[in-house]
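This report covers strand pairing, helix packing and the contact between chains. The structure is shown first.

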Amino acid sequence: MLVTEEVCRLQEVKVLSPTAILGYGFPDASFQRGLSMQPDAIAVDAGSTDPGPHYLGSGKSFTDRLAVKRDLLRMIEAALAQRIPLLIGSAGGAGAKPHLDWCAEIIAECLTELGQTAQVAIIAADQDVGDILHALHEQRISPLGPVFPLTEAHITESTHVVAQMGTEPILQALDAGAEIILAGRCYDPAVFAAVPIRAGLPESLALHMGKILECAAIAATPGSGSDCMLGVIDQDGFVLEPMNPDRSCTVTSVAAHTLYEKSDPRFLPGPGGVLDLSECQFQALDGRRVRVSGTTFQADATYRVKLEGARQVGFRTISIAGVRSPDFIASLDAILETTRSAVFANFEDIDPADATLLFHCYGRDGVMGPLEPKRDAVPHEIGLVIEVTAQTQALADTLCAFARSTLLHLGYPGRQSTAGNLAFPYSPSDVALGSVFAFSLYHLMQVDDPLAPFPIEYRLMGDLHEIG
Amino acid sequence: MRLADLAKVIRSKNAGPFELTFDVLFDSEEAYVRVVDSGRLRADHFAAIYGIAPGDVLSVVEFAPALAIKITIRRALGSGDLGETDVYGAQQHAPLLDVEIP
């Protein structure tokens, strides 16, 4: 059972990253090539805040179940066959309990289908509202970047709050002999760094390697989020090699990747400290492999974890339509304002504070909003999205329908096309989108013990009647 | 010369839900140095391109190991907040293409 004992005290550790996000897939040939390199661990990251607050708020995964199962079947089979640990970070994308349960169920199905059993460590990342309020009152919570000031309401109204774990809970699960580690919300590099750290290799290099491996072959050229990358780490550096012979790591591709989705490529803060890349060296070993060295890690005086939370702000209904009339486009802003006034005048019992009516004008500034420098250019057509977010779905439906019908038939000065103002691609024209969430926490919380917020449950999973 | 003709990559993306980060990557040191020396991507110029307050430009980092310039700004809205136009922040780069570099 203690498969990971073999990993201890190695001079060199190999970590295979099959794909950038669990469920994004990978070519079998690349994966087989990775396995032939005798990796010491397979690790995969599943998480991101990129798809927005909906997934954390609703408890749904942003990756598809069938695609996740396809990836997991291959990884579980390979990890058990090679007696190496499989580590999965930020289950289900957002890494809260519903995501963890969802992914655990898929793992159980895979094990049963493979006729295998495995010791699975499930590490929760959900945080208790009472604990966070307590931390707020003790002033142990600070904003992370240009975020709103935190109030008690942000905390109590959140449907899920998670913290990003560091490597500590994962190391504990490895020590306990887990063959599969399923982590809730997790610092992306942690699942890649844990096995090298446990083998006595430098935390700084292990985390930096994890920063790159978590995106799999995105750091190669041509890059891909759906292909395998191998990281080989020793005491002085690590080497990256894409497992698909059609891809290469170059100094530029690897160095450029350190910029990706970060605000500063030199200093990368994470749980417990900051990775410092300012003295980093990137060296091409050959046409396809790059060696990275010189990364350092500065531990913080107090250990802090990142909190993420989302709360429901209403329900949304949208309607999509196009406009081709030059006179309508010339008067667009005035027409939209007239429509807005007509909607709220018709439903005078509805407090405008309980509903938000927005118009997205594609062709003008639909993509960039207030950042658009060419807003005054006059297009020949406009793609319009009418959007209402309100306290109930019924109210959102009502207001969106009324805005749509008002706009369709609105008379405006100089109107020549009097039959209708909008071109609808669909019938029905309106779509109820359901619950709308917003990020309610994106803050740092000081903790005394990096393990305490992340309880670990061990489960023997899979084909249980095999072992009676 | 336009920045689009000097840079290999010009892209934008969220750096967390409250920041938007722009990367301009070069494949020649000459082009990188030319753009750095021009100062056209420094905070005050960048703010003018996007019509934002210079204080909303959080950092401009010239990162020679990757021949890269990275600019990070405050997001006007948290990602996915009401009024969002680009949840991933991946299509906010276009005004940089036309920046004239002497």
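The model is predicted. In chain A, strand S6 (residues 158-163) and strand S15 (residues 303-323) pair in the antiparallel sense over five bridges. Within this pairing, Ala163(A) stands opposite Leu307(A) of S15(A). S6(A) is mostly covered, with five of its six residues buried.

**The open sheet of chain A**

An open sheet of chain A is formed by 10 strands with mixed pairing, and their order is S12-S13-S9-S8-S1-S2-S3-S7-S4-S19. Its edges are strand S12 (281-284) and strand S19 (456-462), each of which pairs on one side only. Neighbouring strands of the sheet are turned against each other by 20° on average, direction ignored.

Inside this order, S8 follows S9. Strand S8 (residues 229-233) of chain A pairs with strand S9 (residues 238-242) of chain A in the antiparallel sense, over five bridges. Met229(A) has Pro242(A) in S9(A) as its bridge partner.

The two antiparallel pairs of chain A described above are listed here.

| Pair | Residues | Bridges | Opposite residues |
|---|---|---|---|
| S6(A) and S15(A) | 158-163 and 303-323 | five bridges | Ala163(A) and Leu307(A) |
| S8(A) and S9(A) | 229-233 and 238-242 | five bridges | Met229(A) and Pro242(A) |

**Helices on strands and on each other**

Helix H4 (residues 97-114) of chain A lies across strand S3 (86-89), strand S4 (117-123), strand S7 (180-183) and S19 of chain A. H4(A) runs at about 30° to S19(A), an edge strand of the sheet.

H8(A) lies across strand S1 (13-17), strand S2 (41-45), S3, S7 and S8 of chain A, and its direction is at about 160° to S1(A).

Helix H8 (residues 190-198) of chain A also packs against helix H9 (residues 203-213) of chain A, at an angle of about 145° and with the axes 7 Å apart. The crossing of H8(A) and H9(A) is right-handed. H8(A) contributes Ala190(A), Phe192(A), Ala193(A), Pro196(A) and Ile197(A) to the contact, while H9(A) contributes Glu203(A), Ala206(A), Leu207(A), Met209(A), Gly210(A) and Leu213(A). By class, the residues of this contact are nine nonpolar, one polar and one charged.

**Contact between chains A and B**

The contact between the chains takes 37 residues from chain A and 39 residues from chain B. On the side of chain B that touches chain A, at least two residues each come from strand S1 (9-14), strand S2 (19-25), helix H3 (43-50), strand S3 (57-63) and strand S4 (68-74) of chain B. This side of chain B has 18 nonpolar, 13 polar and eight charged residues.

Conventions:
Residues numbered from 1 in each chain as written. Chains lettered and ligands numbered in written order. Predicted model: local features only at pLDDT ≥ 70, side-chain atom pairs only at ≥ 80, totals over all residues. Axes fitted to C-alpha atoms, helices over the stretch in contact; angles between N-to-C directions. Helix = DSSP H or I, 4+ residues; strand = E, 2+ residues; numbered from the N terminus. Left-handed = near helix turned anticlockwise from the far one by under 90°. Contact = placed C-beta atoms within 7 Å. Nonpolar A, V, L, I, M, F, W, Y, C, P; charged D, E, K, R; others polar. Buried ≥ 20, exposed ≤ 12 C-beta atoms within 10 Å, placed from the backbone. Pairing = 2+ DSSP bridges.
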